[in-house]
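Subject: Structure for you to look at

Hello,

Here is the structure I promised to send over. Please open it first, then read my notes below.

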Amino acid sequence: MVPKFAQLFVSTLLLLTPLLSIADGRDIGVCYGLNGDNLPSPNEVISLYKRCQIDNIRIYQPYPEVLEALRGSGISVTIGPRNEDIASFATSQDAANDWVNTNIVPYADDIVFRWITIGNEVIPGPLGSNVPAAMNNIRNALDSAGITLAKVTTVLPGTALAASYPPSAGAFGSDVTETMTGIAAILAQEDTPLLINVYPYFAYSSDPSHISAQYAMFTSTAPVVIDGSFQYFNLFDAMVDAFNAALEKINFGNVKVAVAETGWPTVGNEPYTSVANAQTYNRNLLNHVTQNGTPRRPDYIMPTFFFEMFNEDLKGNVVEQNFGFFYPSMQPVYPFW
């Protein structure tokens, strides 16, 4: 029989393992959305981030109450304007200045702003062509305000790629190539990553006859896709490397990528959604991105934001409502942090 003190030690070690992964200095964050009518107060949320040792947060627009709660927290903040404001930033330096002076400058002494995301999944789309000019004008506004650490970037969905399989075939669509070249030039100049949303769940659940659960959830023990000299054991790496290949094709292979969203829902599309699947994916993802690069970028430990902190009951459908690590009560959906 194992002595009780030994059982306690092992149990404690197992509970601490994810915390040790977070506290080891790797670049992990969690997205914080507010599409719910029963969410805890921002002060309670930021306290929860700190208790969970989550050092990076992504918010989708400058909510003053959230920014106030973040003052002095030490949490690094990624933030963006509303998509509908991007066109005005592209055409007016004054509009960009006003946004920075209203939403960044008043908090800059007490908050570490890391990335300013100009557009959340607006490429491809009618707003997309505004992004390079908007990025430049927001960057000018930040420079004028003396805010030098915050860098501008944008967030792309998988649909920005016209081809993604095999990963080496990754390429931006012809309708967005000019825009992406302009964006990549800014990112290269600033040594700032392109942010991408990566969801193996949606690929797997929409095509389970061709994509296995093992490939989607990091449990494959043999390569599933062999792409020249690159072997892919998981879909996440393949999706990321398709973007790396696309950047190479526009002569910006030096621009890195970071993951702005990734996660797995617990409810709404069984058997693909479940607590067990979400826990498996997220825990394996955490272990993977804190220790490994992708086959195409093996030495680059990629900053990654999990989606998301809470279940949000005002989202469009049940699946979208149930990506959270926590219920609005702040009780965990499953043990993780």
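Let me begin with enclosed space. The structure, which is a predicted model, holds 1 cavity of 30 Å³ or more. That cavity encloses about 30 Å³ of space. Which residues line the largest cavity? They are Phe236, Asp237, His288, Val289, Asn292, Gly293, Thr294 and Met302. Two elements, α10 and α11 (275-289), each give two or more residues to this lining. By class, the cavity lining has 3 nonpolar, 4 polar and 1 charged residues.

Next, the pockets.

The largest pocket has a volume of about 610 Å³. Its lining counts 32 residues. Nearest the centre of this pocket lie Tyr60, Asn120, Glu121, Glu261 and Phe307. At least two lining residues come from β4 (112-120), and at least two from α8 (200-206). Which element supplies the largest share of this lining? It is β4, with 3 residues. The lining of the largest pocket splits into 13 nonpolar, 11 polar and 8 charged residues.

The second largest pocket has a volume of about 440 Å³. Here 23 residues form the lining. Ser164, Tyr165, Ala203, Leu235 and Met239 lie nearest the centre of the second largest pocket. Both β6 (161-163) and α10 (235-249) supply at least two residues of its lining. The most comes from α10, which gives 5 residues. Sorted by class, the lining of the second largest pocket has 17 nonpolar, 5 polar and 1 charged residues. Look at α10 twice when you go through the model: this helix gives two or more residues to the lining of the cavity, and 5 residues to the lining of the second largest pocket.

Now the salt bridges. How many does a search of the whole structure find? The count is 12. One to look at joins the side chains of Arg58 and Glu261, at 3.3 Å from N to O. Arg58 sits in strand β2 (residues 56-58) and Glu261 in strand β11 (residues 257-261), so this pair ties together parts that are 203 residues apart in sequence. Glu261 has come up before: this residue is among those nearest the centre of the largest pocket.

On to helix packing. Two packed helices are described by the angle between their axes and the distance between the axes. The axes of α6 (residues 131-144) and α7 (residues 177-190) come within 8 Å. They cross at roughly 25°. Angles under 35 degrees count as roughly parallel, so α6 is roughly parallel to α7. On the α6 side, the contact is made by Val131, Pro132, Met135, Asn136 and Arg139. On the α7 side, they meet Thr179, Gly182, Ile183, Ile186, Leu187, Gln189 and Glu190. The residues of this contact divide into 6 nonpolar, 4 polar and 2 charged.

Last, some backbone points. Most residues other than glycine have a negative phi, and most peptide bonds are trans. Three places in this model are worth a look with that in mind.

- Ile123 to Pro124: the peptide bond is cis, with omega near 5°. Pro124 is in the loop between β4 and α6.
- Tyr165 to Pro166: this peptide bond is cis too. Omega is about -10°. Pro166 lies in the loop between β6 and β7 (171-172). Tyr165 is also one of the residues nearest the centre of the second largest pocket.
- Phe218: phi is near 70°, a positive value in a residue other than glycine. Phe218 is found in the loop between α9 (213-216) and β9 (225-227).

Best wishes

Methods:
Residues are numbered from 1 along each chain as its sequence is written. This is a predicted model: local features need pLDDT of at least 70, side-chain atom pairs count only at pLDDT 80 or more; totals for chains, interfaces and linings use all residues. Side-chain values use heavy atoms; hydrogens and water are left out. On a 1 Å grid over the protein atoms alone, a cavity is a set of points where a 1.4 Å probe fits but cannot get out, and a pocket is an open set with protein on both sides within 12 Å along at least five of seven lines; lining residues have an atom within 4 Å of a point. Grid points are joined across faces, edges and corners, and a volume is the space filled by probe spheres set on the points. Helices (H or I, at least four residues) and strands (E, at least two) are DSSP runs, numbered from the N terminus. Ala, Val, Leu, Ile, Met, Phe, Trp, Tyr, Cys and Pro count as nonpolar, Asp, Glu, Lys and Arg as charged, and the others, Gly among them, as polar. Axes are lines fitted to C-alpha atoms, for helices over the stretch in contact, and angles run from 0 to 180 degrees between N-to-C directions. Angles under 35 degrees count as roughly parallel, over 145 as roughly antiparallel, 65 to 115 as roughly perpendicular and the rest as oblique. Contact means heavy atoms within 4.5 Å. A salt bridge is a side-chain nitrogen of Lys or Arg within 4 Å of a carboxyl oxygen of Asp or Glu.
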